[in-house]
Each structure stands twice: as C-alpha cells, then as structure tokens.
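Visitor: Hi! Could you walk me through this structure?
Guide: Happy to. Here it is.

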Amino acid sequence: MAAADAPARALLEVGDVSVRFGGLVALDGLSFTIDEGQICALIGPNGAGKTTFFNVVSRIYLPTEGSITFDGHDLLAVPPHDIARLGVTRTFQNLALFPGLSVLDNVRVGAHARSTGGLGTSPWYVIRRREEKRLRDEAMAILERLGLEAIAGRPPVGLPYGTLKRIELARALASRPRLLMLDEPASGLTHQEVAVLGELIQTLRDDFGLTILLVEHHMNMVMSISEKIVVMEFGRKIAEGPPAQVAQDQRVIEAYLGTPA
C-alpha cells in the first residue's frame with residue numbers, strides 16, 4: 001500500500017477525561033482523538049473547559065479520572081517537566097515572553113527541553129559551546145522562517161502585538177514539537193493578521209511535520225484551516241467532525257455559532 005493510502009494514525013487519544021474542582025465540573029467525560037498531521041480545533045463558549053483541557057495535557061492539572069495517550073505513551077504518567085521533551089508544546093492566551101531577554105534568546109528558551117548541554121551531561125566547555133551555537137543557529141533559522149530575523153537582537157518590549165505572537169510561536173517551534181497546542185493564537189490580532197496567521201499555521205504544519213490542536217474564537221480561521229473540530233459546552237463534547245459537518249449541527253448552532261435571526 002502506498003504511503004498516501006495508509007490509514008491515519010491517532011497521535012493523541014483522550015478517553016473519558018473529567019476534572020472536578022470541589023463541586024465544579026470543568027471537564028465531564030471528554031473523549032476524542034487527533035490523527036498525526038491533523039489540524040484539530042477545540043471550540044466552545046467561554047467556560048466550556050477548553051483551557052482546562054490544555055492544562056491537563058500540559059500537566060498543570062491532573063484529571064479526576066480518564067486517560068490521555070500520546071503516541072502510545074501514558075501522558076498522565078509523564079512528569080510535567082518531561083512533557084516538552086516528549087514532543088508536546090503549547091502557547092498561552094496571554095503572552096509569556098521574557099522582557100529582559102532578546103527576541104533570539106526568548107526563542108532559544110524553547111529549545112531548552114531538548115538541550116544536551118547541561119552541566120550534568122556536558123562537563124567540557126567546548127562541548128557546551130558547540131551545543132549553545134547549535135541552539136542559537138536553530139533559533140535564528142526559525143526567526144528567519146517567520147520573518148523576524150531583523151529584530152533578533154532587540155528585546156520584545158514595545159514590539160507590535162502581532163509580532164509578539166509570532167515570537168511566542170517561534171519559541172514553541174524551537175522545542176521541535178510533534179503536537180503543538182495553540183491557545184487562542186489570533187486573540188488581539190486584526191482581521192488581516194488573523195488571515196495571515198491561518199495560512200502560516202497550515203504552512204508550518206506541513207514544513208515542520210506538526211500535529212496541531214487549536215483553541216480559537218475566530219470562526220472564519222477555524223473553519224478554513226481545521227480538518228477536524230471538537231465542540232464543547234459545560235465541559236462536555238457536544239459535536240465532533242469535519243468543519244462542514246459541525247457547522248450544520250443544530251446543537252453547535254444553538255450553543256456556540258448562534259441561531260440565525
């Protein structure tokens with residue numbers, strides 16, 4: 001069988017995940033899969049549980065029950081500090097750049113999880129210097145890929161918001177993720193910037209061999225770039241499928257997309 005005809009393989013498998021904070025149910029039996037190489041959007045009203053799920057995958061929260069498997073690994077058994085090394089990286093709704101570092105050094109921070117140049121593994125100065133140069137060159141290549149090389153040496157303070165979003169995306173790419181989770185990457189961008197970002201996400205998926213899980217409220221971008229959409233309401237999944245199918249689902253229309261006047 002040709003590679004193009006090979007069946008899709010699930011990279012992330014979510015099974016009956018629930019999260020409770022006392023009497024508050026943030027996630028309620030959430031189950032879905034994401035195929036390798038797929039762009040999957042997780043949508044729903046504010047408070048639906050989308051960011052809570054991101055926090056579970058990145059091990060900020062532990063679920064009350066359920067399972068999450070990433071490429072055959074029990075993700076819930078992996079220490080939080082090893083999540084990035086395993087190949088799972090996320091961005092945040094609010095920018096988390098270091099204002100005292102240069103743009104280049106902010107991106108280099110993203111490569112720390114896969115660095116082999118720590119004191120414990122590279123006691124010789126020459127080896128550490130070689131590692132630092134490699135990470136610097138890789139970070140610079142990513143900045144060039146995103147059109148940010150001209151500002152590599154300056155701090156992020158004062159840069160346009162859309163540029164800051166690209167820097168955070170560059171930092172995430174520096175960890176060489178297999179699963180890239182984007183938490184509202186278009187938040188605060190202009191309509192033109194949103195359109196450019198959508199095209200960029202698709203291109204980066206192809207160029208870097210990524211699987212992408214996207215939380216986003218800009219429905220035009222979601223519908224244009226996603227191959228699968230999971231819709232949530234009050235911590236539960238209410239719909240799942242290709243964009244055209246989800247857009248016609250009456251539960252989705254009532255809960256999120258809105259009933260036409």
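Visitor: What share of the residues in the protein chain is buried?
Guide: Of the 261 residues in the protein chain, 47% are buried. Keep in mind that this is a predicted model.

Visitor: And how much area does the chain expose?
Guide: About 12800 Å² is exposed by the protein chain, and carbon and sulfur atoms supply 54% of that area.

Visitor: How many helices and strands are there?
Guide: The protein chain has nine helices and ten strands. As for contacts between residues at least 6 apart in sequence, 66% of them join residues at least 24 apart.

Visitor: I do docking, so let's talk pockets. How much space lies in the largest pocket?
Guide: The largest pocket holds about 500 Å³ of space. Its lining is made up of 21 residues, and the closest to the pocket centre are Ala84, Val88, Thr89, Arg90 and Phe92.

Visitor: Which helices and strands each supply at least two residues of that lining?
Guide: Those are α2 (83-86), β6 (88-90), α3 (103-110) and α5 (161-174).

Visitor: How many of the lining residues are nonpolar, polar or charged?
Guide: The lining of the largest pocket has eleven nonpolar, seven polar and three charged residues.

Visitor: Let me pick out Thr89. Is it buried or exposed?
Guide: Threonine 89, which lies in strand β6, counts as buried because its relative accessibility is 10%, and the cut-off for buried is under 20%.

Visitor: What does threonine 89 touch, leaving out residues up to four places away in sequence?
Guide: Threonine 89 touches Ala172, Ser175, Pro177, Leu179, Leu180 and Met181. There is also a C-alpha distance to note: threonine 89 and alanine 174 are 85 residues apart along the chain, with their C-alpha atoms separated by 9.7 Å.

Visitor: Back to α3. Which of its residues are buried?
Guide: In α3 the buried residues are Val103, Leu104, Asn106, Val107 and Gly110. They are on the same side of α3, because they cover an arc of only 160 degrees around the axis.

Visitor: Nice. Now Phe70: where is it found?
Guide: Phenylalanine 70 is found in strand β4. With a relative accessible area of 1%, phenylalanine 70 is buried.

Visitor: Which residues does phenylalanine 70 touch, not counting those up to four places away?
Guide: The list for phenylalanine 70 is Leu11, Leu12, Leu75, Leu86, Gly87, Val88, Arg178 and Leu179. One of these, leucine 179, is 109 residues from phenylalanine 70 in sequence and 9.0 Å away in space, C-alpha to C-alpha.

Visitor: Changing topic to the backbone. What is the phi of aspartate 71?
Guide: Aspartate 71 has a positive phi of about 50 degrees, although it is not a glycine. Most residues other than glycine have a negative phi.

Visitor: Where does aspartate 71 sit?
Guide: Aspartate 71 is in the loop between β4 (65-70) and β5 (73-74). It is partly exposed, with a relative accessible area of 26%.

Visitor: And what about phi of glutamate 184?
Guide: Glutamate 184 also has a positive phi, near 50 degrees, and is a residue other than glycine. Glutamate 184 is found in the loop between β7 (179-183) and α6, and is buried at a relative accessible area of 13%.

Visitor: Since α6 came up, where is glycine 198 found, and is it buried or exposed?
Guide: Glycine 198 is found in helix α6, residues 191-208, and is buried with a relative accessible area of 3%. Beyond its neighbours within four places in sequence, glycine 198 is in contact with Met221 and Ile225. The C-alpha atoms of glycine 198 and serine 224 are separated by 7.9 Å, with the two positions 26 residues apart along the chain as the sequence separation.

Visitor: Last one: how accessible is serine 31?
Guide: Serine 31, in strand β2 (residues 24-35), counts as partly exposed at 21% relative accessibility. Setting aside neighbours within four places in sequence, serine 31 is in contact with Val14, Gly15, Asp16, Lys237 and Glu240. Serine 31 and arginine 236 are 205 residues apart in sequence, yet 8.9 Å apart in space, C-alpha to C-alpha.

Notes:
Residues numbered from 1 in each chain as written. Predicted model: local features only at pLDDT ≥ 70, side-chain atom pairs only at ≥ 80, totals over all residues. Heavy atoms only, no water. 1 Å grid on protein atoms, 1.4 Å probe; cavity = no way out; pocket = protein on both sides within 12 Å on 5 of 7 lines; lining within 4 Å. Points joined across faces, edges and corners; volume = space filled by probe spheres on them. Helix = DSSP H or I, 4+ residues; strand = E, 2+ residues; numbered from the N terminus. Nonpolar A, V, L, I, M, F, W, Y, C, P; charged D, E, K, R; others polar. Buried < 20%, exposed > 50% of the residue type's maximum accessible area, 1.4 Å probe, protein only. Contact = heavy atoms within 4.5 Å. Areas by Shrake-Rupley, 256 points an atom, 1.4 Å probe, with all protein chains shown as cover. Arc of directions from axis to C-beta.
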